[in-house]
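Q: I'm new to reading protein models and would like a close look at one part, chain B. Could you walk me through its backbone and its surroundings?

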Amino acid sequence: MGFVDYVQAIIDGLLFGTTYSLIGIGFTLVFGVMHKINMSYAAASLAGAYCGLIGPQMLGLPPWSVFPLSIVAAGVIGYVIYLTCFRFIPLASPLATLMSTVGMLLLVDEIVVHATAGMPQNYPAIYDGDPIELGPFILRADLVGVFLICVVAMAVLLALLYRTRLGMATRAVAQQPVAAQLCGMRLQAVNGLTFVVAGLLGGVAGAMIGASVGMLSPLIAGTITVKGLIVTVIGGLGSIPGAIVAGLLVGAAENLFQAVRNVTERDIYVMLLLFAFLVLRPGGLFAAARGRD
Amino acid sequence: MRRTGLLLSSALVAVIGLCGTAAAQERAVIIKGFGAKSGVVRSFGINSEAAMRAAADAINSQGGVKLGDGTIGKIDVEFLDDRCTAEEGISVVRRIAAGPALVAIGPGCSNVAEPLFGVLQRKAGDASDSGLQFPIFTDVAIKGGLAKISEWAFRNVPSEIDMYNALFTWLKTKNPELKTIFAGVEENFAHSRASWYAVMKEAAPKVGLEVKGEAKWLLEDTNFAQQVREIKAASPDILAIAAHPFTTCGVLKEMRRQGVKVKLLVGLTSSSSMETLQGCAREAEGIVIPTSFAPVTKEAEAAAAQAAKFNGSLDLHSAAAYENIFILKKVIEEQGVLAKPDTVQADREKIRKGLAALKETDGLLGKSKRTEDREAVKPYMYVHAKDGKWAVLFNPLTN
Amino acid sequence: MDFYYSLAQIIGFHALLGLSAYVVLLTGQVSLAQAGFFAIGAYVAAMFTVLAGWHLVPAMLAAGLAAAAMACIVGFPALRVRGLMLVIATLAFGEAVRLFFFNFDYQVAKGEVKVGPLGGEGFRQIRWFPEHGWTGLDVMLFVWTVVALVAGALWWLDRSRFGAVLRAVGEDELAAQSVGLNLTAVKVTAMTIGGFIAGLGGAIYAHYTTHIEHSNFGVLLATFAIAYPILGGLRNVLGTIVAVIFVQGFLVEGLRFLGDWRNLLFGALIVLAMNLRPNGLIDAATARRLARLFGREARRA
Amino acid sequence: MLEVRGLVKHFGGVRAVDGIDFAIRPGEVFGLIGPNGSGKSTTVNLVCGLYAPTQGQILFQGQDIARVATHKRLSLGLARTFQNIRLFTNLTVWENLWMAENAPAHRAEAGFLKRWVGGRGNARERISQALEFSGLAHRADDLAGSLAFGEQRRLELARALAARPRLLLLDEPAAGMNAEEIAQLDERIRMLQQQGYTILLIEHHMELVMAVTDRICVLNFGRKIAEGTPAQVQADPAVRDAYLGTGA
């Protein structure tokens, strides 16, 4: 293992890390608005991607149709999750929503298993050509594409949050739920819409994960959930730029650990690093400035 | 608890009633199947159940089983889900053992089989050992050497050591230009690890293949860029992938992206199922896998058609479930099992003795040998992926 | 009958796991490290009975103490983080423990075979119960004695000042400090007690399954550990035990006759339960009714 | 009793407290007043240890406690109430009072085990006295969260007193109270003074402050602008400017 290999490992990790970023943003978005965590988010995103497969596999649509279908499906699933796990549970019971979304995670996963008998499903890549060579380094061309799509999705999200009325409402509800209600915003509607938006984003993430792995399997859901949560907290809860950076960081770090040590020890170091990071910098990378009480 | 029991017993009654086999002059011979019908290995459970039902149906429609007192027994199969976890596997078998079942067929996962066999009595008849006394005849869980844990454990799974030894020998004689072998191993799956480190890695040097090392990944990994570069660096003639379909496909796809080619791909026995082709038919083209089942004989074809009627497909795992029912039928008839409510424990002991005494069993592909350790040495053949289907590459039985 | 004894054993060690999370949850800490402590207990106890040939009871105590020591060490740094950050930090720790056992080999020759933990292959033949001729009934009585002792101790603790202190810290750390409660001491003590209980549970688990491997102690188990007290409600230890019976006895075993539908219903019923009873199966009102049932004046209005 | 020397606290670039000195004598009721944002609350939080000072000393009975952990300050004899009441709302009234049983006096009375895992018996008498004093005896077994606002205030005060402090910090105890309740509070503060408590009172309600305090320190923009008896402070032009906002 030489220097070139390590750099290459980091490059691979960075590219793959974009998918972690997308999942992390979804977690962070819901947390930012409701101050609650939606544990079923990653599983629902993958379920969206699975739904996308209905297009080409059962309706005879062209392969590219999986992408838009995945995104729409994930948005719908996001709203269903809002209705079943958040809408009717009192705000004052954060543990109850934690648990209801865990139940949802198990349910969504099992629905996917029942629909596919647990078999891996082929998922189309967004680009199927040769890799890009940069000197001694190789970049997976499709991952560069995934990276760009992720960046666009994030940009659209940021524009939505900061340039539209919905975004303003979302941020208002996030910061001052009572005041926002007094200003005539319908809390439930805004919360529900946040889940749809987060779900749509999750659909992009699910589709991109499917495209970059080349397959979907219920096996991925657990890993992606854990990675997504890690990214969310490293980035700082509620911070979108934080989630983006943290996703890339986690992707790069785990690949580097794997290159330096080996695959069986890789995750120990990721976990210990995370533990140390949280303890030393409890606010995350982009912690919101803490005011006086 | 009582309610649970009540629900259960009413459900049991319902099942038995529906099957309609418990007619006046006949007696039900209850055989339970268990394995995973939830989670990522759900297809194993579906196929095993279908195979067992198909086999039972075939036997029942041809006159059933002749019991010790001359009555005709009809085989009654029910399949229970253990979610591929040790706890539930043990619980399911204890539940089965508490009922009228004579024997159980399962489990699907090696990580259930290992603890489960540990719960059984180690030496039959050893009064100082309070382990469970119930015969289990495994169809799927394939990790090597498990049946020696208990004398109540029997398996009808292929012996990987024999298959890979033979496969490598055949490959080497067929293609003498193949000189080196490299492996990809799913490190956190006990069976995959054992298949490489204890089986293939031992077998390869015996036929003069040079082992160039192994690339490692985990069961749920999604990014294989690094491992494929290791494969590229080793540039072996043969790449052996000791992994399950999900990561096998992941690696194969990454190899295509990076343009890494090897002369020959060898896969894990368990990957010779539909899953691999569902996930990556294009990339898996040409992969060679030794397997203990393919519909190459008349019996095998008929069995596959039967299983399809019960909404399952016959592969190397579920074919064993099918065979097990027939083996058990033979044992029951030979040992004079009565299948009466008051002879349950004696019948189980008879089945255990009968299974232990077997030296040879009939299978869909031909005769299998039984070893001292209660394992099978099954006939095998080599299949390869061709045009999105598994095709027989070489069948030592007919050639 | 043996099946019900076995089921009672499962409920027993899951109850210990749930109670370990219950103690920690009282102080407002949602810990996903309990599966890690459970794993430590399982491996340590199994190593003592299989490799060193100890009796199960001292081995269990050693397992509990080892897990408690680890929990105490983790408690200190984990104090610095709260809320979701703590959930993830403890998750990371629990996973690190699991992955440690994934890489942990320590085998000793015993007769002609080697025994002991062997990395990804796991640790097999932990057969203390059958080797000592314990029947299912014996094991169940033993397990439930341990559960009763632990639950009783926690019940008593709950009623003591320390129990109220745990709840006070869980409710308002600032106020707790200002009435002179040492947050560090209280939280680390809760963590340590939780670790000890999880260790006991792990020890029983290892001897129940006879074979343990790292993958048994993953995030799913950690989630279950906190699910029990949350589903049951934090009013008292009974809630946790009721939740374990609900999950293991009803959702897992009781619904088995539903076949294919069982696992689908599993998640759906958890979602439904939280919608209908957001404060747990045994919430304040139920606790009051129970108290009245035992002829006592309700303490909490 | 309590002496604060050159106390400074910065939050980022904001100088919330910017060099304050004052000294409280044993047995007196000392008022700390000032307009919103003048640094009163920050000062209290510094004294009871929720924040660490950027600079300066906090001497309590001659010992610098600036770096002493928050919970230890109670055992030194420093107890407080909060501006926005902080009770353990899911514990009963009785249990709220039980929580404060960690003062040196209690340690002398009961051993470690008895104090921590002992039952209610050994605290019963003391706590009934505290309940009697605050007029909450009839609600002892109710959840603190179910009390009326005024009752919650009284309970919080009782909780602080249960620790038998030498110095009592009252952070805006009159906030949200009606005239009648304030009159009761006035009476209660005087009673506490008679019982020998030293009190640091932070308050907006001028009538109350002027009525009960012996001396007053006035803060504005994190600095002390006046100190003296109520009469002296009322006469101080700087104080009037600060409150009326008219530039001098």
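**A close look at chain B**

A: Let's start with a spot that's easy to miss: Arg83(B) is buried, because 22 other C-beta atoms sit within 10 Å, and 20 or more is enough to count. Keep in mind that this is a predicted model. You'll find Arg83(B) in the loop that runs between strand E3 (72–81) and helix H3 (86–98) of chain B. Its backbone is worth a look too: Arg83(B) has a positive phi of about 55°, even though it is not a glycine. For background, most residues other than glycine have a negative phi, and most peptide bonds are trans.

Now hop along to Arg374(B). Here phi is near 65°, again a positive value in a residue other than glycine. Arg374(B) belongs to the loop between strand E13 (367–370) and strand E14 (376–377) of chain B. Is Arg374(B) buried or exposed? Arg374(B) has 23 C-beta neighbours inside 10 Å, so it counts as buried.

There's a backbone oddity of another kind in chain B. The peptide bond that leads from Gly106(B) to Pro107(B) is cis, and its omega is near -10°. Pro107(B) lies in a loop as well, the one between strand E4 (103–105) and helix H4 (110–119) of chain B.

Let's zoom out a bit. UniProt, in an unreviewed entry, lists residues 36–388 of chain B as "domain: Leucine-binding protein". In the model, that span is 44% helix and 18% strand, and its end C-alpha atoms are 26 Å apart.

How far can you trust what you see? The mean pLDDT of chain B is 89, with 93% of its residues at 70 or more. Residues 13–24 of chain B are a weak patch: pLDDT stays under 50 there, and the model has eleven contacts beyond four places in sequence for them. Where pLDDT is low, the predicted coordinates should not be read in detail.

Next, the neighbours. Chain C meets chain B through 35 residues of chain C in contact with 33 residues of chain B. On the chain C side, helix H1 (2–26), helix H5 (128–131), helix H11 (237–253) and helix H12 (260–276) each supply at least two residues. H1(C) gives the largest share of that side, six residues. Sorted by class, the side of chain C that touches chain B has ten nonpolar, 15 polar and ten charged residues.

Chain B also takes part in the largest nonpolar core. That core has 420 residues, and Ile31(B), Tyr322(B), Leu16(C) and Ile88(C) touch the most other members. H1(C) turns up again here, giving the most to this core with 17 residues. Follow Ile88(C) and you arrive at chain A: leaving aside residues up to four places away in sequence, Ile88(C) touches Leu229(A), Ile230(A), Val233(A) and Leu278(A).

Since we've landed on chain A, a quick tour. Its secondary structure comes to twelve helices and four strands, and its C-alpha atoms fill a box of roughly 60 × 55 × 35 Å along the principal axes. Chain A has a radius of gyration of 19 Å, which agrees with a compact globule, because one with 293 residues would come out near 19 Å. Buried residues make up 57% of the 293 residues in chain A. Finally, take the contacts in chain A between residues at least 6 apart in sequence: 73% of them join residues at least 24 apart.

Conventions. Residues numbered from 1 in each chain as written. Chains lettered and ligands numbered in written order. Predicted model: local features only at pLDDT ≥ 70, side-chain atom pairs only at ≥ 80, totals over all residues. Buried ≥ 20, exposed ≤ 12 C-beta atoms within 10 Å, placed from the backbone. UniProt positions renumbered as here; feature names shortened; annotations may be inferred. Contact = placed C-beta atoms within 7 Å. Nonpolar A, V, L, I, M, F, W, Y, C, P; charged D, E, K, R; others polar. pLDDT = per-residue confidence, 0-100. Rg over C-alpha atoms; globule rule 2.2 N^0.38 Å. Core = buried A, V, L, I, M, F, W, Y, C linked by C-beta atoms within 7 Å.
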